[in-house]
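Subject: Handing over the structure

Hello,

Here is the structure I promised to pass on to you. Please have it open while you read, and my notes follow below.

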Amino acid sequence: MGIVRRDSPAPPEVPSDTHPYGVVVPSAVQAPDDDGLAVVGTDLAHRYEGPSGPVPVLLDVTFAVPRDGYAALVGPSGAGKTTLLSLIGGLERVQAGTLVVGGLDVATLEGDGLAAYRRSTVGFIFQNFGLLEALTASENVELAAVLAGERTAVRRRRTAELLDAVGMTPRADHRPGALSGGERQRVAIARALVNSPRLILADEPTGNLDADTSEEVMQLLESLRRDRGCTLMVVTHDRALAGRAAQQLVLDRGKITSTPTVTADPSVTR
Amino acid sequence: MRAGHRIRLAVSSVVVLVLAGCGSTGTDSVARAQPAGPRSTYVAVGGSDAVGSGTGDPLLDAWPQQFFRHVLPLTTVFVNAAEPGSTVAEAITDQAPLAVSSRATVVTVWLVSGDLLDGTPATTYGTQLLQLLTTLRGRGTTTVLVGNVPPLAQLPGYPACLNGAVRVDRGFRCPEELPGAAALTATSAAYDQVIAADATRSGAVLVDLRSAVATSVARGGAPFLDPSGAELSTAGSTLVAGAFAAALPKGDRHTA
Amino acid sequence: MSWADAFRLAARSVLRRPGRAALTVVAVALAAALFTAMLTMAATAQGRVLNQLAKGGPLAGIQVAAAAPDPSQAGVDDPTKGAPKPIDQAALDRIARIPGVDVVLPIVTAQSLVAWPGHTATGGDVVGPNNSGSVVFDQLVGIDLSRLGDFPVTLSAGRFPAPGSVTQVDVTPVLLARYGITGTRTRSVVGSQIILGAPRGFRSSDGTPVFRSRWTKATIVGVVTQQAGSGGILASLSLARASQQWTAAGDPSVDPDAGSSPYAGLFVIARGLDSVPSVRAAVEAVGYSTSAPENLIATVERYVHVVEIVLTGIGVIALAIASLGITNALLAAVRERRREIGILKAVGARDRDVLRSFLIEAGVMGALGGVIGTVLGLALARLVAAIVDGYLTSQGLAGVHVSTPYLLGIATVVGATLLAVGAGTIPARRAARLPAREAVEL
């Protein structure tokens, strides 16, 4: 069944499908503007072309993350976690199955449409931070808004606000090369949020960070997600990190291997 | 330095380089116009000495040429109206009209040998000279300089006549009966008196060649006449030009 | 992403790797410098050759002589002349009204005694026998000095006389050679004073013929390389007219030059090279012989055009080679920046945003190289021209003058930019096609 916030009004009566895993998949759900988007994947499959032929990476993956949800994708290396996140984030085109994000069939997107989806709907945070070395921290954050065609005054205001929110205002004019790993990840988080996405995808956000910094980054990410009303999906191989999420999707060799677990109070995160 | 500032500095440097390269393309090849000044016209009235007959290079060394070259302003036009052997009477008809039609602003007159050796009486000479000078003075705006008679031994033509010369081209005419030295000396003194008087009456400027030549001779200067004794030598021409130059009023001079 | 933002991003990327960018810019600059220098020198050489053919005057200039045309010489550039025929004001006015005539410039000549104190003439018409050789007969040629560019005269030393001046003249090497002054020594005469005398014939009261001259002082202010008509002295119309009128007023029984043609000739400038044949024909119909290097100029222009084509081709090849350098550099950049491009895509860049960014990078390098190369090329052309100019003037010939070919400079910069953008197209497309997944290094 779908995950419902305790204090939210009853969902509207809409047709729904019952998922084999028992998760109710609302169809044509339109989230309120201030909430995150629901992400529903059905029978997703993906393969890469290897030197000796196609290599399957995902096999019949079906899952559902409710709107405003917080899900962790866990599994060993090579399980297909990053691939699945890439499909959700629009970095890869869907080859087979359906993927509905906030009621939008992502598989139908391509070219500029896919770019617009990446720009406006999704905020992606990379394991290796993904900052452009030629730009300062402030310019990296502003880049996403530049690509969105925002007016200069607006994007600069938003950039300043986000840098302040992640505590990077004093280092705004520094290039990534002059920042620590944690600082870079903060900047990356700010960039991911500059266009006010309703879905945040984080691929091993603490993979290159020490324990203390990891904790800081995750707390920051989670608080921002709460404050702004986003759906958050985090890829991690760290079970402890995965346990912070309201929902865990376990992947192994391209398949969902366990039933998604749901915390008692999905609106509360550690 | 921020990258944006670096970019602007680089672009500005290139622009400055380009503009510096686009400098002026040529030099001014036209001379600046000379300062405008009143044009003066100098006419020489005289005899063979004025055409430089006895000099090494008449067109350069004749005393009016030297006077014109060294003393008068750059914009001066010079017409040499002189005719070899001319007397004052001949100059009135042959040379004065040219000076008048040329609108001369400076005129030099030195006509003594022809009349003196011809035996023209001083009174007649004086009357004719006054007519000549008055004509040349016009309305009084023309500067006229008139030379008197040098000492007899330096009178062009006299030494040649003494030596038996009769006539050299049209340079001079020796009288059939050459007056004696004492008579010529007295006549030349009378000439000087009428020349001075005519100069005063007409407003012309007297050039005392007698004193200038006598002084030069007393100092042992270069011969005043050429070896034939008929014409001025080059040195003599220079002396005469200098004497006329010394008498020229400042306003008519070259001022550079 | 706006063009301004794309430009900023591209500029940052270029400056991030200054060494590689500098090498690429230098390659373009060298090619642009070669292109600019060669074409500038070709244009300068063409101008010098044509100037030499036109003797310093405009290419559409036609010399009209005070002589009737020789019918057997029709169509010849420099025909032999027929019988003398004076040019008066009426004839000048008729010629000025011919269709295709832009302007008619009179030439006045006057016989002149030339007295040069301190110099001795060793040849030619020396006035004698009692003179030392300082005075010669020559001819004064008067032209409108305010229209110097329209006359076939070229300066080799000093300056031209001021328009209207009656105390400044230029002399020719032919006159100077009569005084034994040749080669580089001709420059030393500038500043000398000469005395010019216009002769006039009179008859004395006794019928004796006598010449009286109208003398003027003149300062030599320059040396011109072409014989000024048939004269050795170039002067203003005022000076020449005064001399000519003095002589012409003389007694024709004493001096045959008395009453001569008011104008020794005319210099007619047609509206263009195409008008020259028709204007020449019309002037000859009025009754005067003409000459103009029209056939020679046309031939030379054809050959020079071929040279220009070859030089342009060489320059374009150089730029094309430089463009290959840009392609190579950008392809390497695309390979190195796969992840960076993936990140751009991941944060929302469209394919065309990436394409535009790379094309701007290429264009910036091309434009910068074009500007630097143009400046270098012009400097190189000026340096070569200065060396050639020094050699020519040392030989007593007219030098060369390099103008600033603004259009060529602009064309080089624009051309280099466009070539660079073209060269960057393949790398830019390759970058644009990179998938966003490059950001996550799958």
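Val40(A) stands opposite Val100(A) in β6(A). That pair belongs to a longer match in this predicted model: strand β3 of chain A, residues 39–50, and β6(A) run antiparallel to each other and are joined over 5 bridges. Val100(A) also has a partner in β7(A), namely Asp105(A). So if you centre your view on Val100(A), you can look towards Val40(A) in one direction of pairing and towards Asp105(A) in the other.Strand β6 of chain A covers residues 96–101, and its antiparallel pairing with β7(A) extends over 2 bridges. The hairpin made by β6(A) and β7(A) has 2 residues between the strands, and Gly102(A) in that hairpin takes a positive phi near 60°.

What is the order of the strands in this open sheet of chain A? The 4 strands follow one another as β4-β3-β6-β7, with antiparallel pairing. At the edges are β4, residues 53–65, and β7, residues 104–105, of chain A, each of which pairs on one side only. As a reminder, the strands of a sheet pair through backbone hydrogen bonds, in either a parallel or an antiparallel way.

Next, the place where chain A meets chain C. Here 24 residues of chain A are in contact with 19 residues of chain C. On the side of chain A that touches chain C, the elements giving two or more residues are α1 (81–89), α2 (111–121) and α3 (137–147) of chain A. Which of them gives the most? It is α2(A), with 5 residues. By residue type, that side of chain A divides into 12 nonpolar, 5 polar and 7 charged.

Over in chain C, please look at a pair of helices. The axes of α9 (residues 351–394) and α10 (residues 406–423) of chain C come within 7 Å and cross at roughly 150°. Because of that angle, α9(C) is roughly antiparallel to α10(C). The crossing of α9(C) past α10(C) is right-handed. On the α9(C) side, the residues that meet α10(C) include Leu359(C), Gly363(C), Gly366(C), Gly370(C) and Leu378(C). On the α10(C) side, among them are Gly409(C), Val413(C), Ala416(C) and Ala420(C). The residues of this contact between α9(C) and α10(C) divide into 12 nonpolar, 9 polar and no charged.

Finally, a few words on confidence. The model scores ipTM 0.82 and pTM 0.54. Chain C averages a pLDDT of 85, and 93% of the residues score at least 70. Among the elements of chain C, helix α2 (residues 18–53) has the lowest mean pLDDT, 82, and strand β7 (residues 168–171) the highest, 95.

Chain A averages a pLDDT of 81, with 82% of the residues at 70 or above, that is, scoring at least 70. Among its elements, strand β2 of chain A (residues 24–26) has the lowest mean pLDDT, 37, whereas strand β9 of chain A (residues 199–203) has the highest, 93. Where does pLDDT stay under 50 in chain A? One such stretch is residues 1–32 of chain A, for which the model has 55 contacts beyond four places in sequence. Another is residues 261–270 of chain A, with 16 contacts beyond four places in sequence.

Happy exploring, and best wishes!

Key: Residues are numbered from 1 along each chain as its sequence is written. Chains are lettered from A and ligands numbered from 1 in the order in which they are written. This is a predicted model: local features need pLDDT of at least 70, side-chain atom pairs count only at pLDDT 80 or more; totals for chains, interfaces and linings use all residues. Axes are lines fitted to C-alpha atoms, for helices over the stretch in contact, and angles run from 0 to 180 degrees between N-to-C directions. Angles under 35 degrees count as roughly parallel, over 145 as roughly antiparallel, 65 to 115 as roughly perpendicular and the rest as oblique. A crossing is left-handed if the near helix is turned anticlockwise from the far one by less than a right angle, and right-handed if clockwise. Two residues are in contact if their C-beta atoms, placed from the backbone, lie within 7 Å. Ala, Val, Leu, Ile, Met, Phe, Trp, Tyr, Cys and Pro count as nonpolar, Asp, Glu, Lys and Arg as charged, and the others, Gly among them, as polar. Two strands pair if DSSP finds at least two bridges between them. pLDDT is the predictor's confidence in each residue, from 0 to 100.
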